[in-house]
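Student: Could you walk me through the empty spaces in this protein? I would like to know what the terms mean, too.

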Amino acid sequence: MGGRDRHEEHRVATPLELLFDLTFVVAFAQAASQFAHAVADNHLKSGLIGFGFAVFAICWAWINFSWFASAFDTDDWIFRLTTMLQMIGVIILALGLPQVFSSIEKGVYLDNAVLVLGYVIMRVAMVFQWLRAAKQDPEHRKSCITYAVWISIAQIGWVAMIFLNLSIGVTLILSAILMVVEMLGPYLAETKKGGTPWHPHHIAERYALFAIIALGEGIVGTVAALAAVIESQGWTLDVALVGLAGVGLTFGMWWVYFMLPSGHVLHTKRHKSFVWGYGLMIVFASIVATGAGLHVAAYYIENKAKIGRLATVLSVAIPVVIFLSSIYALYAYLVEEFDGFHLWLFAGTAVVIAATISAAALGLSMPVCLLILMLAPVVTIIGYETRGHQHQASMLEKGNE
């Protein structure tokens, strides 16, 4: 298990990596479904806590596997079987999400036993992988050992929390501390211990594929909203409007994501990988939350939601705003310059969001509100396709000087 060539040409995701990603479809679906149910029942606080906890666990498990595979993937039988074990852990984690949301809603203690079990299975497998790499790749032994040690420390903390039976507040504080521990390990390994030979274009592609997995929740939410309209009204104009709005919004977010020059910048400035890699967790969370918001819209159309039209629209609009803001922030970080042109685009997006909220407040139908919201990413798309490519090329050229 020697380190891969970080400059290897035509490096792309392997079939095993794509198979591994499929388990996260289930995990994201569970998180989005539980979050949508909580929001529709007007349990926003418990829904946000549960969703944040779930998304971090899901994203962090995926991130650790993907960065390791980018650096040390041998695709031999040991690597394959260890990956299968991690896939089992992801499925167990997904099965534990309903208990997490339910326990938070009850407000007694956080029942995360099943979730942590799945998480620990994945992480123990990762410790084995890092120790194997440490043994077989002397050049990167220090960084591999650092990963293994910090993962183990974090896992001891997660397991201990299962048996302590603490209140939700204390549990969340300890969870935040353990999350910092989780992120500290990669930082020390990559900056203080020599780092690992991850491939910049490969890792950029892996994140893009994970974003597409998250965007699948937008399609699921759209189908749920369509089914609600058809059940309540039959095949009417609203069916077409909801379908166009949901698919258009999801497609627009996909288009905007790929305006990030991730592979190019990571190839020349590897030190930017931490903020980029961790920052995209917010992007993934907002994408999944948008899908959950569309599912909330379905509950509203079916008259099963305990919140009003405006709150329902906000459940979709707010994640969209977070998504676009995060993309713009990461773009500025990567190119090391805030483009004034982006400010105009963001202002145009703000007008669309304001129009959406106004439409909901004035009592326009849910399909119409969603159709207006669909235009939010379209503003960025039009700007990027007309002038953005030239702006990006000039900024990247300036950054390389």
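**Cavities and pockets**

Tutor: Let's start with helix H2, which gives the most to the lining of the largest cavity, with 5 residues. This is a predicted model, where local features need pLDDT of at least 70 and side-chain atom pairs count only at pLDDT 80 or more, while totals for chains, interfaces and linings use all residues. Residues are numbered from 1 along each chain as its sequence is written, and side-chain values use heavy atoms, leaving out hydrogens and water.

Student: Why is a space called a cavity rather than a pocket?

Tutor: On a 1 Å grid over the protein atoms alone, a cavity is a set of points where a 1.4 Å probe fits but cannot get out; a pocket is an open set with protein on both sides within 12 Å along at least five of seven lines. Lining residues have an atom within 4 Å of a point. By this rule there are 5 cavities of 30 Å³ or more.

Student: What makes the lining of the second largest cavity nonpolar, polar or charged?

Tutor: Ala, Val, Leu, Ile, Met, Phe, Trp, Tyr, Cys and Pro count as nonpolar, Asp, Glu, Lys and Arg as charged, and the others, Gly among them, as polar. The second largest cavity is lined by Phe53, Phe56, Ala57, Leu115, Val116, Tyr119, Trp158 and Met179. Every name there is on the nonpolar list, so the classes come to 8 nonpolar, no polar and no charged residues.

Student: And which residues lie nearest the centre of the largest pocket?

Tutor: Phe35, Leu48, Phe51, Ala289 and Ile322 do, out of 28 lining residues. That lining divides into 22 nonpolar, 6 polar and no charged.

How values were computed:
Grid points are joined across faces, edges and corners, and a volume is the space filled by probe spheres set on the points. Helices (H or I, at least four residues) and strands (E, at least two) are DSSP runs, numbered from the N terminus.
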